[in-house]
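Here's a quick walk through one model, with an eye on its ligand and its empty spaces. Have the structure open as you read.

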Amino acid sequence: MKNIKILNKNFYKPISCLTAYSPSIANILDGNIDLILVGDSLGSTLYGMKNTQGVTMDMMINHGAVVNKVIKKSLKVLDMPYKTYENKKDALKNAKILLNNCKPDLLKLEINKKKLEILKHLVSKKINIISHIGVTPQNYKNFNKIKILGKTNIERNNLLKLAKESERLGAKAILLECITADTAKLITKNISIPTIGIGASKYCDGQVLVFDDLINLSPNNKKPKFVKNYLNFNKIASYAVKKYNREVKLKKFPNLKFTYR
Ligand code: KIV
């Protein structure tokens, strides 16, 4: 196993994670970020789906496999898509297919109380699992219905229990999505595996964002509060495209420099 000690709180420095669905992006991230996630967010981000429920094993295999080829330094994480881990038998069969084709260091599963036995089963087969709790997008047909969790005592306690159980059953890390800062702090303090947050405050042991959001690739998509644009790629790319278009129309491109003789 590669530098999985990055997921050990004793070794611990804050963990950085971004998504990549293609080799070119994975290449930019490799070695510059601790974890690279081939997330099923590719359904909405790349394929224009309304949610992640339409993401298939084939999609994850295709993107996971090409991304795997270029990653040499960072840890590789792959999402198990919707309905592929409903029972132990399917979960193991599909996990093995993903592991064989994409060679990730870890698989990420969206976990609720019922799914804990699946997590336990996969861990017993020596598969490294990240338990994704809090808002679990595979449960939403309509992302507009997503609400922040951990505001009430009941929600807070349920999430804490789920995190503790995930740890007890052998998860290597917990991904916390869209939960309040207090709840993220409570969970992070009370477990010994790292928490990686998305919309889950600075109190997590690490952070994850969708790469396309980081660079503002699709400015028309409604952005959640937790998204920070580190670059306005959309603006820069639009400028380049307009310039190219103008030069083609004016017959300025290609000039001699770009011409074979
Ligand atoms: O699928 C994904 O990209 C994710 C992140 C949003 C954490 O699960």
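What follows covers the ligand site, then the domains, then the cavities.

Keep in mind that this is a predicted model. So where does the ligand sit? You'll find the ligand in the largest pocket. Around it are Thr19, Leu37, Gly39, Asp40, Ser41, Asp79, Lys108, His132, Leu175 and Ile198. Sorted by class, that shell has three nonpolar, four polar and three charged residues.

Some side chains in the shell make polar contacts with oxygen atoms of the ligand, and here are the distances:

| Side chain | Distance to a ligand oxygen atom |
|---|---|
| Asp40 | 3.1 Å |
| Ser41 | 2.5 Å |
| Lys108 | 2.7 Å |

How much of the ligand's surface does the protein bury? On its own, the ligand exposes 260 Å², and the protein buries 94% of that.

Zooming out, the domain assignment splits the chain into domain 1, covering 4-230, and domain 2, covering 233-261. Measure between their C-alpha centres and domain 1 and domain 2 come out 39 Å apart.

Now for the enclosed spaces. Searching the whole structure turns up two cavities of 30 Å³ or more. The largest cavity holds about 60 Å³ of space. Which residues line the largest cavity? The lining is made up of Ile36, Val38, Gly64, Val67, Asn68, Ile71, Lys76, Val77, Leu78, Cys102 and Pro104.

Key. Residues numbered from 1 in each chain as written. Predicted model: local features only at pLDDT ≥ 70, side-chain atom pairs only at ≥ 80, totals over all residues. Heavy atoms only, no water. Near = heavy atom within 4 Å. Polar contact = N/O pair within 3.5 Å; in protein donor to acceptor, adjacent residues only side chain to side chain. Areas by Shrake-Rupley, 256 points an atom, 1.4 Å probe, with all protein chains shown as cover. 1 Å grid on protein atoms, 1.4 Å probe; cavity = no way out; pocket = protein on both sides within 12 Å on 5 of 7 lines; lining within 4 Å. Sits in = over half its atoms within 2 Å of the grid points. Nonpolar A, V, L, I, M, F, W, Y, C, P; charged D, E, K, R; others polar. Domains from an automatic or database assignment. Points joined across faces, edges and corners; volume = space filled by probe spheres on them.
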